[in-house]
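Here are a few exercises to work through with the model open beside you. Try each task before you read its solution.

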Amino acid sequence: QVQLVESGGGLVQPGGSLRLACAASGIIFGIYRVGWWRQAPGKTREFVADITTGGITNYAESVKGRFTFSRDIAKNTVYLQMNSVKPEDTAVYYCWARGPSAYWGQGTQVTVSS
C-alpha cells in the first residue's frame, strides 16, 4: 500500500519560515517525479514545485526564490522549505508522486497570518 504522509504545516507569521516534509512508503521516490501542490479555500489546486527523476527542480513563479524543494533519497522523503512566506501562501499543501501510477498525500494546512 502506497502512502504519502505530509508534516510540518502550521501557523506562521508573514515573512517567516516553515519546512514541510513528505515521507513515502510503498514506493521509491527516486524513480518518481515528486512535487508539492496547494489548494487555497475556493480555489483550484495549483502547482508549487517538483523534482524530476533526474534531480531537476521546477517552481511556480509565485514561489520562485522563496521556496526550496529538496529530497533525501535515503530517507525516501522530500521537503519544501518555505521562506519569506506571504498571506497568499495560505493553503493546504499536498505531496504528489507520479510514476507508473500517481499518488497524493492527505495534505497539511499552512496558514500565514499575523
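**Exercise 1. Place R38 in the fold, decide whether R38 is buried or exposed, and list its polar side-chain partners.**

Step 1. Find strand β4, residues 33-39; R38 lies within this strand. Strands here are DSSP runs (E, at least two residues) and helices are runs of H or I of at least four, numbered from the N terminus. Keep in mind that this is a predicted model, where local features need pLDDT of at least 70, side-chain atom pairs count only at pLDDT 80 or more, and totals for chains, interfaces and linings use all residues. Residues are numbered from 1 along each chain as its sequence is written, and side-chain values use heavy atoms, with hydrogens and water left out.

Step 2. Check the accessibility. R38 has a relative accessible area of 5%, so R38 is buried (buried is under 20%, exposed over 50%, partly exposed in between, with a 1.4 Å probe and protein chains only).

Step 3. Look for polar contacts (N or O atoms within 3.5 Å; within protein, one must be able to donate a hydrogen and the other to accept it, and residues adjacent in sequence count only if both atoms are side-chain atoms). The side chain of R38 meets that of E46 at 2.6 Å and that of S62 at 3.5 Å.

Step 4. Widen the view to contacts (heavy atoms within 4.5 Å). Leaving aside residues up to four places away in sequence, R38 touches a set of residues including V48, F67, D89 and Y93.

**Exercise 2. Find the disulfide and say which parts of the chain it ties together.**

Step 1. Search for cysteine sulfur atoms within 2.5 Å of each other, the cut-off for a disulfide. The whole structure yields one: C22 is joined to C95, with 2.1 Å from S to S.

Step 2. Read the angle about the S-S bond. At -85°, the link of C22 and C95 is left-handed.

Step 3. Locate both ends. C22 belongs to strand β3 (residues 18-25) and C95 to strand β9 (residues 91-98), so the link ties together parts 73 residues apart in sequence.

Step 4. Compare the surroundings. C22 is buried at 0% relative accessible area, and C95 also counts as buried, at 0%.

**Exercise 3. Describe the aromatic pairs and the charge that sits over two of the rings.**

Step 1. Apply the pairing rule: rings of Phe, Tyr and Trp (its six-membered ring) pair if their centres lie within 6.5 Å; planes under 30 degrees apart are stacked, over 60 edge-to-face, and the rest tilted. The count is six pairs.

Step 2. Take Y32 and Y103, a tilted pair with centres 6.3 Å apart and 50° between the planes. Y32 sits in the loop between β3 and β4 and Y103 in strand β10 (residues 102-104), so this pair connects parts 71 residues apart in sequence. Y32 is buried at 6%, while Y103 is partly exposed at 24%.

Step 3. Turn to W96 and W104. Their ring centres are 6.4 Å apart and their planes stand at 45°, so this pair is tilted. W96 is buried at 9%, whereas W104 is partly exposed at 38%.

Step 4. Follow the ring pairs onward: W37, F47, Y94, W96 and W104 are linked into a cluster.

Step 5. Add the charge (NZ of Lys or CZ of Arg within 6 Å of the ring centre and within 35 degrees of the ring normal). R45 lies over the face of Y94, 3.7 Å from the ring centre, and its charged end also sits over the ring of W104, at 4.6 Å.
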